[in-house]
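Me: I'm new to this one, and I'd like to learn how to read it feature by feature. Could you walk me through it?

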Amino acid sequence: MDVQAWTYLFVFLTFGLYIGIAIWSRVSSTEGFYVAGRGVPAIANGMATGADWMSAASFISMAGLISFMGYTGTIYLMGWTGGYVLLALLLAPYLRKYGKFTTSEFLGDRYYSNAARVVGALCTIFVSFTYIAGQMRGVGIVFSRFLEVDVETGVAFGMVLVLVYATLGGMRGITYTQVAQYCVLIVAYLIPAIAISWKVTGNPVPQLGFGDTIASGQNAGMFLLETLDALHRDLGFPEYTASFIAGKKSMVDVFAITAALMVGTAGLPHVLIRFYTVPDARAARWSALWALIFIAILYTTAPAVSAFARVNLIQTLNGVAYEEAPAWFSKWETTGLIGFDDKNGDGHIAYSGDAASNELSVDRDIMVLANPEIANLPAWVVALVAAGGLAAALSTAAGLLLVISSAFSHDLGKSWLAPGMSDKRELAVARGAAALAVVGAGLLGIFPLGFVAQVVAFAFGLAASSFFPALVLGIFWKRATREGAIAGMLAGIVFTASYIAWFKFFAERSSSADWLFGISPEGIGSIGMLLNFAVTIAVSLATKPPPEEVQALVEEIRLPRTQS
Amino acid sequence: MSEGRDHRAYWRANLRIMTSLLVVWFLGSYGLGILWVEPLNAYTIGGFPLGFWFAQQGSIYIFVFLIAVYVFWMDRLDRAYGVD
């Protein structure tokens, strides 16, 4: 069987599985639709959180990004895992104890203000929508490259699938399909990684393999990372493992971006809502632990994949005659992900850190997608990567859809626009909102706006600078008032959004010398967060303390079990 | 001891656990992986420069370890104060 036949087989089997789970787990109440009836065991919720969290970006792009950044790729590795410590210690158990359905609902109750709830719901919708567009795009890309159908057809297919299982099964359907999707994506990620580690170093554990010595070839006996640093020096790239040298991000910027991603992770609504689905506060703590374990399996493998892929890429292509380039090269050349421009006309590929003489252009996505082919692995492994990429994109899309739909129907609809809606009616509105959101996201996948990639910085920056401080202070500081929280959130959002917008859209040619404290737009959410904290505290102290019943609510959520 | 005072003691114990784990969280990630990465890179374990290893591997293991400690510690605390 060839790669395409295997891919059809895997995609067909996994999609059948997802639909089957959706039919088995369909729901008929708002509690089932929003929070899966709160009956999800901690370990299953951990797995679902893992799939929810690991998106097309984690699966397809991250290892490639790190491959080109070396040490600096740490911002993603630490940034997208360290937030779980904040989630587990500061938010998950308390939000679960509070109960109800959404994060914005907590903001509304804790800050005794519908305005806080509406601001929260609008932020949720904006953050989730920018995020979901990227997922649908990922679905389209996997379809078009592996199944050779149009991006449009691929996105349409993905839309129908998500539509079926998200509207039918709500959170319950999404949770159990995510459990299946986690298994598919982690197997698809690990098999090629293990095979490549085994092949290059003789060590089957990728986490250890990339610190091991190369098994054969011209650099046999040398440490892999040492070889990589030497190759980078020879070709004029900054050394792979070096930290803050010229050509890499500064220490301040690495620090700020890592912080913004961590805090943003802990403030993302589609992650927070997962902790509402478990039976109690104790299960929320445990599921945070399971989630991070399942995420760490991929996140500790990714930097190994990056290093192996980088060495493989340089050694198989640099200095090779274009005619003798391996077969995968021409295959991926047609997709535009890799390109050769013979500047000196000698017919050989020259890869260099110097833009003027470099003849090889490589898209970061190729590092994961083409990795099995570069390492000469069998056809079914290549097909497995396609199924894994789809699982990663679909699971994240479904989780985002659900928070968009609950923000519409529950936070904006039931509490504000149409109070007194019956449960049945609210469920219908939630399903309708989910369907609309899928169509909207699909359209963005088919007609990508140029700025979609840019606005992902918004998603983390806004989550960090709006939700996180309001939630943490709401739980840990009884004195935080309505006026303080609203002023703080607005200050955080306005500052962060205008900084990002300024450097991404209006001052594109400005250089890093213009950045505030040397912090790039990706990292500015951490300053926005500090600003939010400062403003909330100052304004709270200047205003009347929260009413008795709100202080009692805070006392109440601090205890794991309701006291009689 | 009254119920209210008991709950306050529980909350204070919880805050102590949380603070000490967050200190380790900060030192283990921002400290070892970013602030002190250059001096640490002078040492190696296997083929890894030490600072680089903490940044791309060690910090993630520290995160998992911290949540594990928290989960077990809080389970014990809940039982000790009878709030579980």
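Me: Let's start with one residue: is G58(B) buried or exposed?

Reply: The general idea is to count neighbours: a residue is buried if 20 or more other C-beta atoms lie within 10 Å of its own, exposed if 12 or fewer, and partly exposed in between, with C-beta atoms placed from the backbone. G58(B) has 20 C-beta neighbours inside 10 Å, so it counts as buried. Bear in mind that this is a predicted model: local features need pLDDT of at least 70, side-chain atom pairs count only at pLDDT 80 or more, and totals for chains, interfaces and linings use all residues. As for names, residues are numbered from 1 along each chain as its sequence is written, while chains are lettered from A and ligands numbered from 1 in the order in which they are written.

Me: Where does G58(B) sit, and which residues does G58(B) touch?

Reply: Helices (H or I, at least four residues) and strands (E, at least two) are DSSP runs, numbered from the N terminus. G58(B) is in helix α3 of chain B. Two residues are in contact if their C-beta atoms, placed from the backbone, lie within 7 Å. Leaving out residues up to four places away in sequence, G58(B) touches L32(B) and W53(B). Also, its C-alpha atom is 8.2 Å from that of G28(B), though the two are 30 residues apart along the chain.

Me: What does a pair look like when the chain carries the two residues apart?

Reply: Try F503(A) in helix α20 (residues 482–506) of chain A. F503(A) and G474(A) are 29 residues apart in sequence, and their C-alpha atoms are 32 Å apart in space. F503(A) counts as buried because it has 21 C-beta neighbours inside 10 Å.

Me: Now chain B as a whole: how many helices and strands are there in chain B?

Reply: Chain B has three helices and two strands, in the order α-α-β-β-α from the N terminus on. To judge spread, take the radius of gyration over C-alpha atoms and hold it against the globule rule, 2.2 Å times the number of residues to the power 0.38. Chain B comes out at 18 Å, well over the 12 Å the rule gives for 84 residues, so it is more spread out than a compact globule. Its C-alpha atoms fill a box of roughly 55 × 20 × 15 Å along the principal axes. Buried residues make up 35% of the 84 residues.

Me: And what does the radius of gyration say about chain A?

Reply: Chain A has 22 helices and two strands. Its radius of gyration is 24 Å, close to the 24 Å from the globule rule for 564 residues, so chain A is as compact as a globular protein of that length. The C-alpha trace spans about 80 × 55 × 40 Å along its principal axes, and 58% of the 564 residues are buried.

Me: How many residues of each chain are in contact with the other?

Reply: 35 residues of chain B are in contact with 39 residues of chain A. On the chain B side, α3(B) gives the most, with 17 residues. That side divides into 22 nonpolar, nine polar and four charged residues; here Ala, Val, Leu, Ile, Met, Phe, Trp, Tyr, Cys and Pro count as nonpolar, Asp, Glu, Lys and Arg as charged, and the others, Gly among them, as polar.

Me: Which residues touch the most other members of the largest nonpolar core?

Reply: A nonpolar core is a set of buried Ala, Val, Leu, Ile, Met, Phe, Trp, Tyr and Cys residues joined through C-beta atoms within 7 Å. Here the largest one has 217 residues, and L185(A), L401(A) and I67(B) touch the most other members. The largest share, 23 residues, comes from α13(A). Not counting residues up to four places away in sequence, I67(B) touches Y84(A), V85(A), A88(A), A288(A), L289(A) and L292(A).

Me: Where does α13(A) bend?

Reply: A bend is the angle between axes fitted to the seven residues ending at a residue and the seven starting there. α13(A) bends by about 30° at A296(A). 31 of its 37 residues are buried, so α13(A) is largely enclosed by the rest of the structure.

Me: Last one: what is the phi of K100(A)?

Reply: Most residues other than glycine have a negative phi. K100(A), which isn't a glycine, has a positive value near 55°, and K100(A) lies in the loop between α5 (74–98) and α6 (103–110) of chain A. Y112(A) isn't a glycine either, and its phi is positive at about 35°.
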